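Please open the structure in your viewer and keep the selection tool at hand. The tour below moves from one selection to the next and says what is found at each stop.

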Amino acid sequence: MTSSTVGHEPAHPAKSAPPAMSTEPADSGGGLLSPALRATTIGVIALVSLHAFEAMALTTVMPTIARELDGAALYAMAFTATLAAGIVSIVWSGNLADRRGPRPPLLIGLVLFAIGLVGAGLSPTMEVLVGARVVQGLGAGMTSTAFYVLVTRVYPVRLHTAILAGFSAAWVVPSIVGPFVAGLIAQTIGWRWVFGLAVIVLVVAAVLLGRIVTGLRQELVDVPWRRRSIAASVLLAVAVLALNAVADRLDAVGVALALATLVVVCLTLLPLTPRGTLRAARGLPTDVLLRALAFAAFSGAEVYLPRLLTERDGLSPSLAGIALTITGVTWFAGSWVQGRWDRRFEIGRTASVSLAAITLTLAGLAVAVAVGAPTWVVIAIFPVLGLGIGTLYPRVTAQALGRAGSTEQGFVSSALQIGDSSGAATAIALSAIVFTAAGAAVPNAYVAVFAVMALPALAGWLVAHRLP
């Protein structure tokens, strides 16, 4: 695959193209836990588990945090800020990984993520918390891109789907215990200790990754800095944050600003994603787009589910996390099936079924809330969303990474992450606008959010046939 087909900005212009560099790892014939791969697999899964715990925990306790810090107006921004910051670091780290391998972005990401966790735990106000979440986002973006490049550098192709399914598996334990533990911590010793526990997990994961980091040294490759892409990522992050801020102003000017900001978001995505992504061109562009649409639908709904259960049904934070717990398990179940029997399922049909399940689940959730369905019905419906996205993710991701050349792995990895982050951040911002427009009332505001979040999944279903 040439750079001209990967994105608008060439990964390595013809005049300065580096010599071909083989990064295909040797295949000893073993599995993920073979002696040659055991340390790498355990270390990476441990760090993915940390991200999972932090994400699940924060979603569970954010209603409590917003209430105690008097920051309800910044509720959605606390999530969007992290995703927006991650957009910038994802692009930079992808470029850095193509030049120096995954080691530098992994190390930098770990340090930034730790600083963000400490800052969030000590935050005296919601504004400071949002700032700390920005630092967390920078770190998370660095490490997530490094993970995908690491997969292509360390694991043979036949194990790509399996290790990516392992990433989903790493969410299982955090999904089962994370929401309940986070809620219990918030109810007893205080929500700040949720971030403290995450710091402890980070230290353990960093120790496990020590052996991996040592073996990831790479000489500088003559891949130029993609300055236009980095600048576009900064503009995209600012646009996403601006879109979130519009939720506080829904007059004619605010609506005009929201529309203008959405245009900026689309334009800035052009140099950051494979050519043709926004029009669902066949192949890699559709790989990136479908992941982005699925994750957008999931994220925009997920952040409001615990709030619905605590506000409408009066559940404690620990009980409100039950739906997220079950969803994590169903996400893993879908990924596990794909990781074990991926060759038995045609990828286009798999994607269509997955996106249809996501669409119908969100539509069903909106109907259930509208008619005042019991709490157990809402909790039972939402996990189907996890099954759908868990089935989609590892197959599409493995296919996208398989299309990348040796000096384009960082770009493709960052494009996948950019699609996820920008899609999720935009969806959360739009959900905040919809929530505010509906008067933040129960149940109408939640019905509107879930119904609108079904639209990205529906769009993905319509173009899923272009995936192969």
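A search of the whole structure, which is a predicted model, finds four salt bridges, and three of them serve as stops on this tour. Side chains of opposite charge can pair when their charged atoms come close.

**First stop: Arg 403 and Asp 287**

Select Arg 403 together with Asp 287 and show their side chains, which meet in a salt bridge with an N to O distance of 2.7 Å. Arg 403 sits in the loop between helix 18 (383-402) and helix 19 (409-437), while Asp 287 belongs to helix 12 (residues 284-302), so this pair ties together parts that are 116 residues apart in sequence. Is each partner buried or exposed? Arg 403 counts as partly exposed because its relative accessibility is 23%, whereas Asp 287, at 0%, counts as buried.

**Second stop: Arg 291 and Asp 420**

Stay with helix 12 and select Arg 291, then add Asp 420 from helix 19. The side chains of Arg 291 and Asp 420 meet in a salt bridge, with 2.4 Å from N to O. Because Arg 291 lies in helix 12 and Asp 420 in helix 19, the pair ties together parts that are 129 residues apart in sequence. Arg 291 is buried, with a relative accessible area of 0%, and Asp 420 also counts as buried, at 6% relative accessibility.

**Third stop: Arg 312 and Asp 313**

Now select Arg 312 and Asp 313, which form a salt bridge whose closest N and O atoms are 2.9 Å apart. Asp 313 counts as partly exposed, with 26% relative accessibility, and Arg 312 counts as partly exposed at 21%. Residues under 20% would count as buried, so Arg 312 at 21% is placed in the partly exposed group.

**Fourth stop: helix 2**

Select residues 38-68, which make up helix 2, and colour them so that you can follow the 31 residues from end to end. At 1.5 Å a residue, helix 2 should span 45 Å, and its end C-alpha atoms are 43 Å apart, which agrees. Where in helix 2 does the kink lie? Look at Val 61, where there is a kink of about 50°, shortly before the proline Pro 63. If you then show the surroundings, you will find helix 2 mostly covered, since 24 of its 31 residues are buried. Just past helix 2, select Asp 70, which follows it and has a positive phi, near 55°.

**Fifth stop: a nonpolar patch on the surface**

Turn on the surface and select Leu 33, Ile 42, Ile 200, Val 204 and Leu 208, which together make a nonpolar surface patch of about 450 Å². Which helix gives the most to this patch? Helix 8 (residues 192-208) does, with three residues. Ile 200 lies in helix 8 and counts as exposed, because its relative accessibility is 53%.

**Last stop: the whole chain**

Clear the selection and look at the protein chain as a whole, where the secondary structure comes to 20 helices and zero strands. Of the 468 residues in the chain, 58% are buried. Among contacts between residues at least 6 apart in sequence, 85% join residues at least 24 apart. Finally, the accessible surface of the protein chain comes to about 17,500 Å², and 69% of that surface belongs to carbon and sulfur atoms.

Conventions: Residues numbered from 1 in each chain as written. Predicted model: local features only at pLDDT ≥ 70, side-chain atom pairs only at ≥ 80, totals over all residues. Heavy atoms only, no water. Patch = residues over 30% accessible without salt bridge, like charges linked within 9 Å, V, L, I, M, F, W, Y side chains within 5 Å. Areas by Shrake-Rupley, 256 points an atom, 1.4 Å probe, with all protein chains shown as cover. Helix = DSSP H or I, 4+ residues; strand = E, 2+ residues; numbered from the N terminus. Buried < 20%, exposed > 50% of the residue type's maximum accessible area, 1.4 Å probe, protein only. Expected span 1.5 Å × (residues − 1). Bend = angle between axes of the 7 residues up to and from the residue. Contact = heavy atoms within 4.5 Å.
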